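Visitor: Hey, got a minute to walk me through a model? I'd like to poke at it a bit.
Guide: Sure, let me pull it up.

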Amino acid sequence: MPIPKSDYLSEVWKDGIFANKVVFCTGGAGTICSAQVRAMVYLGASACIVGRNVDKTESMARDIATARAGAKVLGIGSIDVRKMASLEAAVGRCVQELGGLDFVIGGRAPTSAGAAGNFLAPITQSSANAFKSVIDIDVLGSYNTLKATLPHLVASARQHPTDGKSTSPTGTGGRIIFISATIHYTGQPLQSHVMAAKAAVDALSAPRPSSSAPAASPPTSLPPAPSPAPRAYCAWPRKSISPGRRRGSPSAGGAP
């Protein structure tokens with residue numbers, strides 16, 4: 001049974017805005033990213049979600065497809081973002097079966113790009129291996145996701161060019177976002193591993209990084225906003241928040 005639209009999408013989005021576009025999402029079976037992908041599918045996109053757990057990923061893909069009649073949603077399990085070959089194979093299958101790749105979401109799930117370290121631990125009680133695992137999943141996973149998808153994002157950006165002033169008749173393409181966090185802005189106890197990883201992910205998302213091809217839009221990182229439900233509008237670019245109001249209150253630009 002389809003989830004009510006109001007549970008994952010606000011009314012500000014134009015119907016069909018993502019028609020004939022494809023979104024690729026790591027950790028797409030998770031709570032936050034499944035809502036984002038579901039919203040894009042409702043608005044016309046085809047989607048490919050990847051994750052470690054085969055059954056969970058495939059099941060979520062079928063569930064997301066109920067958002068719109070005729071939607072194409074591909075779920076690919078047994079994907080580890082720390083392994084480039086694994087990601088490249090998933091990206092290749094996505095492009096082959098869905099016809100391209102226009103948008104990428106580096107999602108939040110225990111082993112998805114841009115999300116790891118969901119545990120509390122002081123440095124004195126956190127092993128080097130635990131710290132390395134978080135860095136590998138968050139930072140290396142985000143880099144691998146960018147690296148594996150960038151050629152297709154560049155192709156999409158060239159196919160749907162925009163000068164930032166006028167609207168392309170075919171919409172936009174060549175965009176990637178990483179789901180980040182806010183705790184490293186001011187610091188949080190027992191989360192040094194997460195703060196280090198998220199700071200690195202944000203660095204990957206800095207405007208016009210040297211590793212980003214000129215034809216594609218530079219990556220962007222988005223921290224989830226506080227909300228009782230993970231809706232598509234519950235995130236904001238970190239650049240849009242003033243330094244004095246980065247703790248995630250609704251008045252700082254979060255969920256309505």
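What follows is a chat about this predicted model.

Visitor: Start broad. How many helices and strands does the protein chain have?
Guide: Six helices and six strands. Read from the N terminus, the order is β-α-β-α-β-α-β-α-β-α-α-β.

Visitor: And what share of the residues counts as buried?
Guide: Of 256 residues in the protein chain, 49% count as buried. As for contacts, take the ones between residues at least 6 apart in sequence: 67% of those join residues at least 24 apart.

Visitor: OK, zoom in on α2. Which of its residues are buried?
Guide: Helix α2 covers residues 54-64, and its buried residues are T57, M60, A61 and I64. They sit on the same side of α2, because they cover an arc of only 105 degrees around the axis.

Visitor: Why would spacing like that line things up?
Guide: An α-helix has 3.6 residues a turn, so residues three or four places apart point the same way.

Visitor: Which exposed residues are on the face turned away from the buried side of α2?
Guide: D55 and R62.

Visitor: What do the buried residues of α2 pack against?
Guide: Three elements: α1 (31-42), β2 (46-50) and β3 (73-76).

Visitor: Anything going on at the start of α2?
Guide: Yes, N53 is involved there: one of its side-chain oxygens reaches to within 3.1 Å of the backbone nitrogen of D55.

Visitor: Back to α1 for a second. At what angle do α1 and α2 pack?
Guide: About 35 degrees, and their axes are 10 Å apart. The crossing is right-handed. On the α1 side you have S34, V37, R38 and V41, and they meet M60, D63 and I64 in α2. By class, that contact has four nonpolar, one polar and two charged residues.

Visitor: Different pair now. How do α3 and α4 cross?
Guide: Helix α3 is residues 84-98, and its axis comes within 10 Å of the α4 axis, with a crossing at roughly 35 degrees. The way α3 passes α4 is right-handed.

Visitor: Which residues in α3 meet α4?
Guide: M84, L87, E88, V91 and V95. Their partners in α4 are G141, N144, T145, K147, A148, T149 and H152. Sorted by class, the contact of α3 with α4 has five nonpolar, five polar and two charged residues.

Visitor: N144 is in that list. Is N144 buried or exposed?
Guide: N144 counts as buried, because its relative accessibility is 5%, under the 20% cut-off. Its place is in helix α4, residues 128-159.

Visitor: And what is N144 in contact with?
Guide: If you leave aside neighbours within four places in sequence, N144 is in contact with V81, R82, K83, M84 and L87.

Visitor: What about K132?
Guide: K132 is also found in helix α4. With a relative accessible area of 48%, K132 is partly exposed. Its side chain is joined to that of D136 by a polar contact of 2.7 Å.

Visitor: How far apart are K132 and A197?
Guide: In space, 9.7 Å from C-alpha to C-alpha; in sequence, 65 residues.

Visitor: Got another pair like that?
Guide: Try I176 and T149, which are 27 residues apart in sequence and 9.0 Å apart in space, C-alpha to C-alpha. I176 lies in strand β5, residues 175-179, and I176 is buried at 2% relative accessible area.

Visitor: Last topic, backbone angles. What is the phi of N20?
Guide: About 65 degrees, so a positive phi, although N20 is not a glycine. Most residues other than glycine have a negative phi.

Visitor: Where is N20?
Guide: In the segment before β1 (22-26). N20 is exposed, with a relative accessible area of 75%.

Visitor: Any other residue like that?
Guide: L190 has a positive phi too, near 65 degrees, and L190 is a residue other than glycine. You'll find L190 in the loop between α5 (183-186) and α6 (192-204). At 38% relative accessibility, L190 counts as partly exposed.

Methods:
Residues are numbered from 1 along each chain as its sequence is written. This is a predicted model: local features need pLDDT of at least 70, side-chain atom pairs count only at pLDDT 80 or more; totals for chains, interfaces and linings use all residues. Side-chain values use heavy atoms; hydrogens and water are left out. Buried means under 20% relative accessible area, exposed over 50%, partly exposed in between (1.4 Å probe, protein chains only). Helices (H or I, at least four residues) and strands (E, at least two) are DSSP runs, numbered from the N terminus. The arc is that of the directions from the helix axis to the C-beta atoms. Contact means heavy atoms within 4.5 Å. A polar contact is a pair of N or O atoms within 3.5 Å; within protein, one must be able to donate a hydrogen and the other to accept it, and residues adjacent in sequence count only if both atoms are side-chain atoms. Axes are lines fitted to C-alpha atoms, for helices over the stretch in contact, and angles run from 0 to 180 degrees between N-to-C directions. A crossing is left-handed if the near helix is turned anticlockwise from the far one by less than a right angle, and right-handed if clockwise. Ala, Val, Leu, Ile, Met, Phe, Trp, Tyr, Cys and Pro count as nonpolar, Asp, Glu, Lys and Arg as charged, and the others, Gly among them, as polar.
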